[in-house]
Amino acid sequence: ADLAPLNSDTEKDRIDWSQLEAKFGAFPKLPDGTKAGAVSKTLTNEYWRSLGEGYKSFGDRVAVPVVYQAAQSEGDQLGQLTIAEGLVTQGYNVLLVSPQTDSNLQPIMEQAKAANVPVVNVNDAVIPQAEHYVGNVQRDNGVRVAKWFIENRPDGGKVAIVEGQAGVYAAVQRTDGFKTTITEAGKFEVVASVPGNWDRQTSYDAATNILQQHPDLIGFYANNDGMALGIVEAVKAAGLQDKVAVFGTDGISDAYASIRAGELTGTVDSFPVLTGEVALESALRLVAGQKLPRVVATPQALITKDNADRYSGAGDAVRKALLEDAAAGN
Amino acid sequence: MSVIPRLQFEGISKEFPAVRALSDVSFSVGVGEIHGLLGENGAGKSTLLRILSGVYRPTAGSVLIDGRPVTLNNPVAARAAGVAMIHQELQQVPQLSVAQNMFLGHPLTRGGIFVARREQERRAAEALAALDPTIDPAVPLGNLKVAQRQIVEIARALLDRARIVAMDEPTSSLTPSEFERLAEVIAGLARDGVAVVYVSHKLDEVFGSCQRATIMRDGVVVETVDLTKLSEKAVVSMMVGRELAQEQHRSHASTDVRLSVRCLASATKVHDVSFDLHRGEVLGIAGLVGSGRTELLRLLAGADRASSGTVDIDGKAIKLSNPRDAIAAGIGLVPEERKREGIVPLRSISSNMALASMGVFAPRGVIDHTRLKRVAAEKMKRVNLRPFLLDRPIRLFSGGNQQKAIIGRWLAAGTRILLFDEPTRGIDVGAKAEIYHLIEELAAEGHSVVVVSSELPEVIRLADRVLVMRDGTVAAELDRADLNEQAIAAHAIPQSETQAGKAQGHRAGA
Amino acid sequence: MTDITEHTAARPRAEFLHRFSVRDAGTLIGLVVILAVFGALVPGFFAERNLINILQQSSINACLALGMTLVIISGGIDLSVGPTAALSAVISASMLVAGVPFPLAIAAGFAIGLVCGLLNGVLVAYVGLQPFIVTLGTLSTYRALALIYTGGNPVLGLPAGFRAIFNGSLFGLPLAVIIVAVVALIAWIILKKTPFGEYLLAVGGNEEAAYIAGVPIARTKIAAYMISGLLAALAAQILIGRLGAAEPILGNLWELDAIAAAAIGGASLMGGKGSVVGTILGAVILGTMRNGLTLMNVQSFYQLLATGLIILAAMLIDRVTRGRG
Amino acid sequence: MTDITEHTAARPRAEFLHRFSVRDAGTLIGLVVILAVFGALVPGFFAERNLINILQQSSINACLALGMTLVIISGGIDLSVGPTAALSAVISASMLVAGVPFPLAIAAGFAIGLVCGLLNGVLVAYVGLQPFIVTLGTLSTYRALALIYTGGNPVLGLPAGFRAIFNGSLFGLPLAVIIVAVVALIAWIILKKTPFGEYLLAVGGNEEAAYIAGVPIARTKIAAYMISGLLAALAAQILIGRLGAAEPILGNLWELDAIAAAAIGGASLMGGKGSVVGTILGAVILGTMRNGLTLMNVQSFYQLLATGLIILAAMLIDRVTRGRG
Ligand SMILES: Nc1ncnc2c1ncn2[C@@H]1O[C@H](COP(=O)(O)OP(=O)(O)OP(=O)(O)O)[C@@H](O)[C@H]1O
Ligand SMILES: Nc1ncnc2c1ncn2[C@@H]1O[C@H](COP(=O)(O)OP(=O)(O)OP(=O)(O)O)[C@@H](O)[C@H]1O
Ligand SMILES: [Mg+2]
Ligand SMILES: [Mg+2]
């Protein structure tokens, strides 16, 4: 029987990452020689490199070798498919894939099934046929930033969005989450929602133009941190750094640095290292024969100057902080 | 000649932006007539024939075929109307084979889908047979020499079995004996009732083949004349609008050796060539097509690299690894294929002229345009450029005037040794006389000149001394006293007939 | 220095054929070297399964590169193949999802490809704009249309029957590979045996001469772009059959791979020159390289480096073995 | 039909100048139309501040496009400008962060640009490979080197003093704009007034004739690529000055914008033709468009559509006003 197409944000069969150990016990023993293969979008983005670090650190902890490959650019759909097919033929016991788009790794699902290799879809684009998904809720990303504005700027005002590449899943979801939430609040007006193409320079130029037209703007939301850092420079160049709040997404280290320096207002960290660890843990539990729910939700948090230190320490400290958050129910 | 002419031009005018190339041109060509079309460079001959073949549309006037007006909006329409044309500039695709070029635009097919290559090649070979049976219709056209390509172009026009064949300087790179074969072919066409319009700067060809000719000057018809009743001289003066002084050869050669070539050889065509060139001397080089003359000049001009041998100038050995070395040593080449090797089509006359002597015009790194203009005006006046428009892109000039600009290039560069490869190919009598005169003047000023030419009268007219080349070596050296066509031919043609038959592409040059 | 110094000998027919196969042989040698290197470094590289993978992974690029080759031979270039494919894909897919019969939906996809090519061709041939800039403009335009049509969302849930058409196997070879092989054969016949092939070479080789000879310049160019569009649409059908979904952002950067394949295969971007066999070899070289580097588990930055170096190396090998491109 | 049938006017000097300015006037009309449209649709579009914004945002593309124009005139193309800029940026930036004095770090960045251009030039001019494919290869290679050098991370924390160099203003104009204006002036002088300019036009116009006339073909081509590399490096310095960070992925798809600007400005990708004034206008057209569309808050899909259509429209206006490119 075919699975219903997965919607990672609304799927009922889900579990929060913090519950894994409670529900399924300590990490099980694995068959000898288990090895995992992983493919992600591109290493030119720190987010995906951090995800790989998570894979590696958990792999090291449980002595499972992990091969981590990535396509050459975010647009390279067939290249990523080629890589994934290579991993299937090479006989890994489990695959972790972060597809470029919802469908470009579709054939892998079938090939892997034929080869009896479980596949875990990790974050971002969602393969509809995916049996297992580990990741956060993309839409929630934008929602969190919108909520910050609603709380911290009670008078409302003009805001602008700088989007990622047109048509990319994460960009569409994040933008939509922010736009819908903030519009429903009533007092805000989204005066611009323009493409930044994941590109710092394009975002800089777009922000300059928007600020010039709307000097009374109160904030920007960018679909990733690179773009947000470009916007920060544009805001500074326009001399509006005290009036305009700028939010990014991903929580890359430069974003933290900028937040601490008081330039970037905030970012939504989705903890890629932790996500990598959780994803590999879930994948290996599958190899060990456990029946996990279809979606394992990983954490994210809105980082601002106030809480930056709490989330940027060593891996274990962050893990602890996030477990506390989970227990507290955010 | 029947009552209704096969071809009539009625009041044809053609204006290009800012240039009136033809005004009110009318004349007619009868069935089976071979009609000469004469005029200086830029007189408008090619423009008229391009109108006939549908490449240009006339600004006014009409073309009648067999008494009926025809619309010739494009080459296809002209072809359908029974017009075949040999263009002055070779219009060929080097990547395609000879046969494919000949059938381009109207290939023979099998079932309308596949090109019938074999059949095309067979028919192409048939058409080529009368002109040059050694050309293989299956080789890529780019592999042929210019002369062979021109023959292919002629053969292509014959394929069409047209009612009108327009030939725009079909023999510009052919030898006299090749012309003879062409003349027979043309006569055959005329016997079949084809009207032939024949443009050539070689008056003897026109007098030999045509009975009537139309003479044009500056875009208008001067007169349509009966050639049997006029002398060449009279025709020439009608063409140029003045009397052309018949100049005799004058030697300015001194005994100082300027250029000394010893045992020069290239990897391919040239073997063991040695000769001296004196100050003020005009040295002719004659030989059959493929005897290695062009390649020898290219070696001297640094365009190709020699595999062995030495070249001395004024007693000093020079290195020739590229044209810059040659230019620095005072050597300049006026190449054979003007369009391909001579001009930069989009650039002006001045720019084309100045290209080889930028250092002179830009002593401090920035071009002194006033000086360049002045020198260009001076040099172009000297070579008598017409029209005298120094800033006009060179591609819009007639071939003769392009050639003058290239000569001007070397004058501006202060070149002392000039190498001319077929200097008057496609150039009219007036300009030809000017170029001869120029060459002599240059010699008188102490320049040394080498002239490669397939036209023996030209060699004899100009040269103080002639080298005859055969199979890449100097077969003979003839002093002015011994200079005549028979003597040259005797040395140019390979000794044994069998050898000549074997060597492909060797055609009798005299 | 330049090709002025070297001139090819003029010789009879045998030489002509010889000369041509030598060009493709240059590309073939490049491929053999690459295969040998990977074969030595990667265990199991020569496994039948992997070789089939390489062919399958090269098939889409080969399909596009064939159309690109014809356009390049005609003296043009088609940067819009990716977005053409995307537009064709989303329209076919949404028809399929809406229950339109397969042949009709596929035909509609092909029609889109033809129309996209027609527009490119008309702008190049009749309006006289530069091919690079025309197709750069349509690159954005077609992509935008695909995005607007779908609202940026993928079209999911293609019927299994449709997917089977392009996903099957015949004689142990994936159908996609066979389809592309047939296309290559047809392209070869077109180029070598038909008047249209001659026209393409003539238009790219010497447009003025072609015009004077009566070659229908505009129609020839337009046909080349339409074929390129059609093959982009075919590639799109194969891909959505494989993926089971059509995305508006499909085909990103396809043009560069297709041009690289054609150029490695000996096509000259100045027009008038190109080879079907060479292009196919070029596409397989690129496919092999990706496959091999992945199997060697080369990190993506180094893969990028290898891609660049191998393109350069392939051109160098080609240059050395067959003379100036 | 083809350019055989129509020919541009020919007259003495006045006409010559006229003819040239007519070409650029075509591009200028395109710009004026676009300005007028946005002026009508966007309130405040003509505000001085916004016009300066447009110039500033066009300056980087203009800088690259100038180098591209010289390369295109010489008959080549340079697809590797973006990665060249990236490599130059990350190396300069990491030197700056390490405390190397500004002049030295900037000089190192320029040197990188020159070396990248040199490599392109040598492969094109001496080895005789096709420019498109050479620079396609180096496009990947240089990008990979930038990524490997930085491990994919941006280089942050550029000294404020350095940033001030490129971020300042003079006479109310951003320094970047002034720098690029100076570069344009130099390029114009090079093209119009120096032997090298004549050589570029000759090499692109008829390489063989240029060779016989003693033009140093190889050196001319190499110099064109080196200038293109140098200007890519300059663009990189301006950009990192503005953004305060150097990313290895900087300059993605810059080559397409630069080529579009040059082509809109009248450069012919067949070589031998191109104009500095036209290129600058082309870059400003593209910059104006981006600016105007952002101010109009056009949704991203429709922005893409507009980009495509405006490139096509600019070429059409240009074509109509100045005759066949
Ligand atoms: N396309 C064109 N545009 C502008 N002027 C042109 C064009 N073609 C020819 N001309 C001009 O028209 C005049 C006639 O040129 P045409 O080529 O017909 O002369 P011609 O008699 O064939 O000369 P030649 O003997 O050198 O071949 C010349 O002044 C030439 O410069
Ligand atoms: N038998 C031949 N068949 C075909 N091509 C030939 C033949 N002989 C010579 N050639 C061509 O001629 C070239 C060398 O001859 P070269 O041009 O130096 O002679 P040439 O005497 O100047 O001839 P031309 O009078 O045509 O200029 C060779 O490169 C070759 O392409
Ligand atoms: Mg003529
Ligand atoms: Mg010769």
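Colleague: Against which helices do the buried residues of helix 8 of chain D pack?

Modeller: Conventions come before the answer. This is a predicted model, in which local features need pLDDT of at least 70, side-chain atom pairs count only at pLDDT 80 or more, and totals for chains, interfaces and linings use all residues. Residues are numbered from 1 along each chain as its sequence is written, chains are lettered from A and ligands numbered from 1 in the order in which they are written, and side-chain values use heavy atoms, with hydrogens and water left out. Helices (H or I, at least four residues) and strands (E, at least two) are DSSP runs numbered from the N terminus. A contact means heavy atoms within 4.5 Å. In chain D, the partners of helix 8 are helix 2 (48-73), helix 7 (175-193), helix 9 (207-212) and helix 10 (217-243). Chain B adds helix 12 (349-354) and helix 13 (358-361).

Colleague: How many residues of helix 8 of chain D are buried?

Modeller: Buried means under 20% relative accessible area, exposed over 50%, and partly exposed in between, with a 1.4 Å probe and protein chains only. In helix 8 (residues 195-205) of chain D, 10 of the 11 residues are buried, so the helix is largely enclosed by the rest of the structure. Among them are F196(D), E198(D), Y199(D) and L200(D).

Colleague: Where does T194(C) lie, and which residues does T194(C) touch?

Modeller: T194(C) sits in the loop that runs between helix 7 (175-193) and helix 8 (195-205) of chain C. Its relative accessible area is 11%, so T194(C) is buried. Leaving aside residues up to four places away in sequence, T194(C) touches I189(C) in its own chain and I113(B), F114(B) and V115(B) in chain B.

Colleague: Is C63(C) buried or exposed?

Modeller: Buried: C63(C) has 0% relative accessibility. This residue belongs to helix 2 (residues 48-73) of chain C. With residues up to four places away again left out, C63(C) touches V180(C), L231(C), L234(C) and A235(C). Sequence and space can be compared for C63(C) and A210(C), which are 147 residues apart in sequence and 28 Å apart in space, C-alpha to C-alpha.

Colleague: Which chains have the most contacts between them?

Modeller: Five pairs of chains touch, and the pair C and D has the most contacts. Chain A and chain B share no contact, and their closest C-alpha atoms lie 36 Å apart.

Colleague: By what turn can chain D be laid on chain C?

Modeller: Two copies of a chain are related by a rotation about an axis and a shift along it. Copies are superposed by least squares on the C-alpha atoms of residues with pLDDT of at least 70 in both. A turn of 180 degrees with a shift of 0.2 Å along the axis lays chain D on chain C with an RMSD of 0.2 Å. That is the relation of a two-fold axis. The C-alpha of M270(D) is the one in chain D nearest the axis, at 3.7 Å. Of the interface residues of chain D, 94% are also interface residues in chain C, so the copies meet through the same surface.

Colleague: Which residues coordinate the magnesium ion (ligand 3)?

Modeller: Donors are N, O and S atoms within 2.8 Å of the metal (3.2 Å for Na, K and Ca), and water is not among the atoms, so sites may look incomplete. For ligand 3 the donors come from S46(B) (OG) and Q88(B) (OE1), at 1.8 to 2.0 Å. S46(B) is in helix 1 (residues 45-52) of chain B and Q88(B) in the loop between strand 6 (83-86) and helix 3 (98-102), so the pair ties together parts 42 residues apart in sequence. Q88(B) is partly exposed, at 25% relative accessible area.

Colleague: And which residues coordinate the magnesium ion (ligand 4)?

Modeller: T294(B) (OG1) and E336(B) (OE) do, at 1.7 to 2.6 Å. T294(B) lies in helix 9 of chain B, and E336(B) in the loop between strand 18 (331-334) and helix 11 (338-342), 42 residues apart. E336(B) counts as buried, at 14% relative accessibility.

Colleague: What is the order of the open sheet of four strands in chain B?

Modeller: Two strands pair if DSSP finds at least two bridges between them. The order is 14-13-16-17, with antiparallel pairing. Strand 14 (273-278) and strand 17 (316-317) of chain B stand at the edges with a single partner strand each, so one side of each has no neighbour in the sheet. Strand 16 (residues 308-313) of chain B pairs with strand 17 over two bridges.
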